[in-house]
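Thanks for making the time this morning. I would like to walk you through a few local features, so please keep the display in view while I talk.

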Amino acid sequence: MPDLSTFADAAAAPAELRGLLRGLPPVDQVGAEERAARLATRSIKKSAKAYAIDLAISMVDLTTLEGADTPGKVRALCAKAAHPDPADASVPKVAAVCVYSDLVGEAVRALDGTGIGVASVATAFPSGRAPLDAKLADTRRAIDDGASEIDMVIDRGAFLAGDHQKVFDEIVAVKAECGDVHLKVILETGELVTYDNVRRASWLAMLAGADFIKTSTGKVSPAATLPVTLVMLEAVRDFRAATGRQVGVKPAGGIRTTKDAIKYLVLVNETAGPDWLTPEWFRLGASSLLNDLLMQRRKLTTGVYGGPDYFTMD
Amino acid sequence: MSERLSVRKTYKLFIGGAFPRSESGRTVIVNDAKGRFLANAARASRKDVRDAVVAARKAQAGWAARTGYNRGQILYRVAEMLEGRRGQFVEELRGSGLGKAAATAEVDGAIDRWVWYAGWADKIAQVTGSANAVSGPFFNFSTPEPTGVVGVIAPDSPLLGLVSVLAPVVVTGNTAVVVAAESAPLPAITLAEVLATSDVPGGVINLLTGHRAELAPWLASHQDVNAIDLTGAPGDLAADCERAAADNLKRVRRPVADDWAADPGTARMTAFLETKTVWHPVGI
């Protein structure tokens, strides 16, 4: 665990930030992958499975991030977020709906009174290639329209070029724009290449003030993987031990089946601990996952296998 | 030279174009007619049924979208491959107790049956479809369309019976999940090897071996299966399956006494077709 006593004010001391990130212990790649694979073999059955499915539904950030998104599609998604299975009122609602910043207003109106958050991607999502003032304007617009959570992307180019300070300063600036609004920082781990980079980027984002660290945009393959999430969960655990501040984790992209979702929940419980096992501290960014969760839930309640014909298309 | 070790075949399931073991890891011992050990066959579980239905659903749209002519070509190719393995099928049927002449007759019958159904691929629409006379300025057509995913409980006749229930289901564009004959499952898996090497897209035909009474109810109650053929299900099981199938209004083909050597007619194909009628305005 890094010694944070010398890290008084990173913004004022670039050399210290660099030293701290370089000083992070390297990730044992084989160990991380084996640990994630081992935890993925856990068998979760019956009542534990029912609990896990409901927990996973309540953690979903129901996402639509397409060029073809329309206000109508966003309204349909919001209706599904509030009542995932209209035939069964015992199904919990999802945590948030995640849209592009220009559709935030539509989502806020559609979700009024449901208690479901509206997350907006911002800062030139998904590439992050724009001047800082454009990124800040993007963020401000989403917040003015009523977004309760901002999903920003980091400048991967600057990070890979070694300019950690630039990435840090951008996150600090966006966080200042956000104020009380929750800030999720997308690391885009598929472009960071190594687990060591994932660990460094996680610490960088947390030190800069992120409330959540998120694996990916969903636009790059590989998106979320179990080992990457393991590394990030270790980072938030260590960060809380070092500073006392708790930061959430959100894997996103490529999580499509109930089995996948349960693997992530096991990973959270075994790595960061049960404190993270709530929608407040762990989210699953997904769109098609919800239908599979609902299908598995109905299998548990009715005892027969369901089919996609009986759930909404999205 | 030392004596060769025997190379025994592992009989597995056929799901989505691959040969997986049962998810449950279980096997059943298959004996020949005299009670001698033949092989271990996989004993499928309800989760294998689930996986097979997912594979069949995934393959269905693409299979139905092919032209009838192309489906016919592919099924004829299956017959070619069957022909190439005649000797192997005869041996396997003899293992299940048939004499050499009877086994040869059954294999020939199965190949001929397959060719016969393959020929129907681009002809069934002409026979069951129609251009309807209507009193208005419209062309009005009725065309047959496949039902979707069909569950098949295969009869005890291990090859001719299997071919006679399977070919009519898939020739029209349905995909199938088949529970093979419980008493003699080995020819079904050898047929799967034929299917895997003859251009049939993965998932169009899925073959499971194991206990009918264990697998059929899951297939019958599955909400994503559109029809079920209960030919091989004994009385009580057939009644239970029909009851479960009613839940999502599956088409059900009840078991009737079949003579597999007789001319099959088109009934088995039309049982799993739906008719779509389209109106086209004329002169606009």
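A:F125 counts as buried, because its relative accessibility is 10% and the cut-off for burial is under 20%. I should say straight away that this is a predicted model, and everything that follows should be heard with that in mind. By contrast, A:Y100 is partly exposed, with a relative accessible area of 22%. Over all chains the count comes to 8 aromatic pairs, and one of them is formed by A:Y100 and A:F125, in an edge-to-face arrangement with 5.7 Å from centre to centre and 75 degrees between the planes. Since A:Y100 belongs to strand β2 (residues 96-100) of chain A while A:F125 lies in the loop between β3 (117-122) and α6 (132-144) of chain A, the pair ties together parts that are 25 residues apart in sequence.

Staying with rings for a moment, in chain B the residues B:W116, B:Y117 and B:W120 are linked into a cluster by ring pairs. There are also charges placed over rings: the charged end of A:K299 sits over the ring of A:Y305, 5.2 Å from its centre, and the charged end of B:R46 sits over the ring of B:W218, 5.3 Å from its centre.

Now to the sheet in chain A. In what order do the strands of the open sheet of 8 run in chain A? The order is β7-β6-β5-β4-β3-β2-β1-β8, and the pairing is parallel. At the edges we find β7 (248-250) and β8 (284-286) of chain A, each of which pairs on one side only, and the twist averages 25 degrees from one strand to the next. Towards the β7 edge, strand β6 (residues 212-214) of chain A pairs with β7(A) in the parallel sense over 3 bridges, and within that pairing A:F212 stands opposite A:G248.

Chain B has an open sheet of 3 strands, in the order β3-β4-β10, with antiparallel pairing. Here β3 (130-132) and β10 (273-281) of chain B stand at the edges with a single partner strand each, so one side of each is left without a neighbour in the sheet. The twist in this sheet averages 25 degrees from one strand to the next. Taking the pairings in turn, β3(B) and strand β4 (residues 138-146) of chain B pair in the antiparallel sense over 3 bridges, and they form a hairpin with 5 residues between them. If you follow the bridge partners, B:S130 is matched with B:S142 in β4(B), and B:N132 stands opposite B:N140. On the other side, β4(B) pairs with β10(B) over 9 bridges, again in the antiparallel sense, and there B:N140 stands opposite B:W279.

Let me finish with a residue on a helix, B:R77, which has its place in helix α2 (residues 68-84) of chain B. Is B:R77 buried, exposed or partly exposed? With a relative accessible area of 31%, B:R77 is partly exposed. Its side chain makes a polar contact of 3.0 Å with the side chain of B:E80, and, leaving aside residues up to four places away in sequence, B:R77 touches B:S198 and B:D199. As for B:Q126, it is 49 residues away from B:R77 in sequence, and the two are 23 Å apart in space, C-alpha to C-alpha.

How values were computed:
Residues are numbered from 1 along each chain as its sequence is written. Chains are lettered from A and ligands numbered from 1 in the order in which they are written. This is a predicted model: local features need pLDDT of at least 70, side-chain atom pairs count only at pLDDT 80 or more; totals for chains, interfaces and linings use all residues. Side-chain values use heavy atoms; hydrogens and water are left out. Two strands pair if DSSP finds at least two bridges between them. Helices (H or I, at least four residues) and strands (E, at least two) are DSSP runs, numbered from the N terminus. Axes are lines fitted to C-alpha atoms, for helices over the stretch in contact, and angles run from 0 to 180 degrees between N-to-C directions. Rings of Phe, Tyr and Trp (its six-membered ring) pair if their centres lie within 6.5 Å; planes under 30 degrees apart count as stacked, over 60 as edge-to-face and the rest as tilted. Buried means under 20% relative accessible area, exposed over 50%, partly exposed in between (1.4 Å probe, protein chains only). A charge sits over a ring if NZ of Lys or CZ of Arg is within 6 Å of the ring centre and within 35 degrees of the ring normal. Contact means heavy atoms within 4.5 Å. A polar contact is a pair of N or O atoms within 3.5 Å; within protein, one must be able to donate a hydrogen and the other to accept it, and residues adjacent in sequence count only if both atoms are side-chain atoms.
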